[in-house]
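User: Please take a close look at the salt bridges of this model, and set them beside the contact between the two chains and the strands that take part in it.

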Protein chains: 2
Amino acid sequence: MKIKTIEWLTDQGKVKLIDQTKLPHTFEYIVTDDFRVMCDAILRLAVRGAPAIGVAGAYGVVIGANSLKHKEIGSFRLDLRSIMAQLRAVRPTAVNLAWAIDRMGRVLDKQNDVESARTALLREALALHAEDEAMCRAIGEHGAGLLRDGMSILTHCNAGSLATGGMGTALAPVYVAAEQGKKIKVFSDETRPLLQGARLTAFELQANGIDVTLICDNMAAVVMRKGWVDAVIVGADRIAANGDAANKIGTYTVALLAKHHGIPFYVAAPTSTVDHSLTSGDSIPIEERSGEEVAGFGNVRTAPPGVNTFNPAFDVTPHELIAAIITEKGIHRPPYNFHDIANLK
Amino acid sequence: MKIKTIEWLTDQGKVKLIDQTKLPHTFEYIVTDDFRVMCDAILRLAVRGAPAIGVAGAYGVVIGANSLKHKEIGSFRLDLRSIMAQLRAVRPTAVNLAWAIDRMGRVLDKQNDVESARTALLREALALHAEDEAMCRAIGEHGAGLLRDGMSILTHCNAGSLATGGMGTALAPVYVAAEQGKKIKVFSDETRPLLQGARLTAFELQANGIDVTLICDNMAAVVMRKGWVDAVIVGADRIAANGDAANKIGTYTVALLAKHHGIPFYVAAPTSTVDHSLTSGDSIPIEERSGEEVAGFGNVRTAPPGVNTFNPAFDVTPHELIAAIITEKGIHRPPYNFHDIANLK
């Protein structure tokens with residue numbers, strides 16, 4: 001990857017992360033050893049994507065720990081717990097943020113002096129980040145096996161390096177295939193209303209030297225009908241035990257279009273995305289967001305005042321439309337049985 | 001219709017038309033007896049939609065004729081011919097504009113004095129406008145027969161009153177059904193990249209008291225899956241003899257989604273839209289527009305500089321996805337045979 005979404009600068013003791021709010025017009029890093037700057041970065045969506053937020057949270061705890069002047073582990077722990085609570089509160093519904101901070105908390109609990117606590121916390125954050133990178137790469141390696149030289153894939157939203165601590169999930173197979181010398185072309189849906197495809201996916205693929213073509217969401221069918229798409233790969237926010245997958249609004253449409261045109265539709269996501277408590281996608285709760293997002297485009301208001309809107313943030317793609325689910329553990333083909341994740345092969 | 005897209009003000013000898021470039025934020029009329037203002041209005045897309053442009057062109061000829069000081073028919077005819085050429089040149093590919101001006105030209109040719117020419121030209125423009133209104137209403141009457149009280153329809157782009165001299169094509173069945181006391185709800189796709197659904201369809205339905213909900217194009221599948229859509233009605237730019245229909249980009253997607261969800265997909269358009277020289281939609285040429293439209297909206301640029309884009313302005317919906325084509329002559333069911341339009345029943 002030519003650009004890194006988030007990075008620990010060992011020599012400076014600082015975190016370096018891309019300020020994604022400025023993309024794609026300005027490419028700027030935030031470099032900080034102040035956990036309040038990290039809170040703000042997570043809040044402003046300067047860093048976004050579940051895995052990337054988890055990594056950012058863990059580094060937030062590290063710089064928070066380093067900023068404390070305490071010599072005594074009891075008061076150190078007490079104040080660091082308060083910092084962790086602040087970091088966690090920034091995006092209360094981000095499961096990965098809470099998960100990462102809890103994991104840092106368990107490490108903190110085991111330490112008996114401040115210095116070893118600082119060392120152990122940094123080690124844990126680096127480990128968590130490395131695991132995320134390895135997860136992405138494993139998805140990429142498995143997924144790249146599905147891609148042949150010269151293929152074109154279509155993706156929706158951003159499940160790339162900008163959303164993770166590594167090379168992404170949906171885009172990882174593309175990056176690995178490119179490393180293997182395969183020439184892969186990508187069509188990126190712009191992904192209304194928040195345009196992650198235009199702002200982020202087009203940007204990161206371009207920055208990493210991948211041939212990318214941006215289209216509006218409603219152009220995917222034409223591109224498919226022309227025979228220009230060999231496979232669809234998207235990420236997932238949550239996967240039910242039967243393989244039904246919730247992802248950014250518009251994904252279900254892409255899956256239906258792919259089916260009609262005889263194009264395989266793949267979901268790429270870590271097994272941590274599987275929620276085996278859900279027997280099907282019907283029980284996945286779908287967040288509805290502000291109608292302002294639909295009524296406008298950036299800061300331009302396009303719809304008449306007072307217009308009714310409907311703005312579901314996600315949709316659910318039924319498992320029967322999914323040709324395979326690519327996780328760090330391998331390629332899973334139907335019938336999906338994710339009830340027992342530990343035993344997935 | 002509570003608002004009229006274009007209107008002849010008999011007492012003032014002026015044309016009054018909605019300035020659609022300012023919609024939906026500002027509702028303003030252009031009232032003019034200057035044919036240069038009309039040229040500018042057509043050029044700036046203050047008036048758009050094939051039928052509406054034709055009507056505007058005809059009134060443009062009328063006010064052009066009224067502005068000439070000539071007493072002698074020969075020089076009057078010569079200068080009016082020059083005005084007609086100017087009007088026609090504003091949008092050289094708008095077939096309806098050329099058609100309307102040619103029709104006015106034939107009337108001009110038959111006149112022997114200036115005063116009777118002025119009268120005949122106005123009569124012809126009013127007749128042309130009235131025919132367009134009647135065509136819309138006939139489509140509306142036929143189409144309304146397909147709609148029952150309480151139904152919800154989904155539409156794409158704007159084929160409404162703002163695009164015609166009457167109540168529109170795709171929206172005419174909705175307006176007539178509402179007149180008949182049926183409660184009809186409409187979902188309007190915003191229609192990227194130019195957002196005619198958000199800017200125009202949502203506006204005109206709201207202004208005419210129809211319950212409208214705006215969605216992004218990629219949300220139509222969710223709305224359908226929820227069982228909220230009973231029928232889809234869209235317009236058409238060109239229809240081949242076999243019923244294949246070219247319309248705004250995204251229409252083909254909506255047709256596929258409707259088919260998958262078991263929802264009837266209707267095309268509403270005047271028979272003048274049928275191009276019987278085309279045996280199928282494969283030979284309909286598809287205009288590709290500037291990538292800037294995909295890379296942003298208005299003055300908001302969302303994509304990275306230098307990104308590749310693909311921006312087809314239209315797509316073709318194959319006839320097998322179309323449950324019926326609604327024209328001013330009636331409801332046409334498959335198999336479509338539009339080779340002999342004159343004998344259409």
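Analyst: A suitable entry point is E28(A), which is partly exposed at a relative accessibility of 34%. Its salt-bridge partner is K22(A), with the closest N and O atoms 2.7 Å apart. K22(A) is likewise partly exposed, its relative accessible area being 34%. Because the partly exposed class lies between 20% and 50% relative accessible area, neither the term buried nor the term exposed applies at such a value. The model is a predicted one, and the values quoted here are computed from it.

The general principle is brief: side chains of opposite charge can pair when their charged atoms come close. Over all chains, the count reaches 34 salt bridges. In chain A, a network of salt bridges links D19(A), D40(A) and R44(A).

Chain B offers two further pairs for inspection. In one of them, the side chains of K185(B) and D211(B) form a salt bridge with an N to O distance of 3.8 Å. This pair connects distant parts of the chain, for K185(B) lies in strand β5 (residues 185-189) of chain B and D211(B) in strand β6 (residues 211-215) of chain B, 26 residues apart. K185(B) is partly exposed, with 27% relative accessibility, and D211(B) is also partly exposed, with 31%. In the other pair, R301(B) meets E292(B) in a salt bridge at 3.0 Å, N to O. Here R301(B) is partly exposed at a relative accessible area of 29%, whereas E292(B), at 51%, is exposed. The cut-off explains the label: exposed means over 50%, so a value of 51% falls in that class.

Attention now turns to the boundary between the chains. Two salt bridges are found across the interface of chain A and chain B. One of the salt bridges in the model joins the side chains of R192(A) and E190(B), at 2.7 Å from N to O. Polar contacts across the interface amount to 24 residue pairs, both residues being at pLDDT 80 or more. On the side of chain A that touches chain B, several elements each supply at least two residues, including α7 (196-207), β6 (211-215), α8 (220-225) and α9 (251-260). The residues of that side comprise 30 nonpolar, 17 polar and nine charged ones. The contact as a whole draws 56 residues from chain A and 56 residues from chain B. Between them the two chains bury about 4,400 Å², of which 67% is on carbon and sulfur atoms.

Strand pairing also spans the two chains. β6(A) pairs with strand β14 (residues 308-309) of chain B in the parallel sense, over two bridges. Within that pairing, L214(A) has T309(B) in β14(B) as its bridge partner. Furthermore, an open sheet of eight strands with mixed pairing runs in the order β14(A)-β6(B)-β5(B)-β4(B)-β7(B)-β10(B)-β16(B)-β17(B). At its edges stand β14 of chain A and β17 (330-332) of chain B; each has a single partner strand, so one side of each is left without a neighbour in the sheet. Further along this order, strand β4 (residues 152-155) and strand β7 (residues 231-234) of chain B run parallel and are joined by two bridges. There, L154(B) stands opposite V232(B) in β7(B).

The sheet also gives a setting for the pair K185(B) and D211(B): their strands, β5(B) and β6(B), follow one another in the strand order given above.

Terms used. Residues numbered from 1 in each chain as written. Chains lettered and ligands numbered in written order. Predicted model: local features only at pLDDT ≥ 70, side-chain atom pairs only at ≥ 80, totals over all residues. Heavy atoms only, no water. Contact = heavy atoms within 4.5 Å. Buried area = accessible area lost by both parts, 1.4 Å probe. Salt bridge = Lys/Arg side-chain N within 4 Å of Asp/Glu carboxyl O. Polar contact = N/O pair within 3.5 Å; in protein donor to acceptor, adjacent residues only side chain to side chain. Helix = DSSP H or I, 4+ residues; strand = E, 2+ residues; numbered from the N terminus. Nonpolar A, V, L, I, M, F, W, Y, C, P; charged D, E, K, R; others polar. Pairing = 2+ DSSP bridges. Buried < 20%, exposed > 50% of the residue type's maximum accessible area, 1.4 Å probe, protein only.
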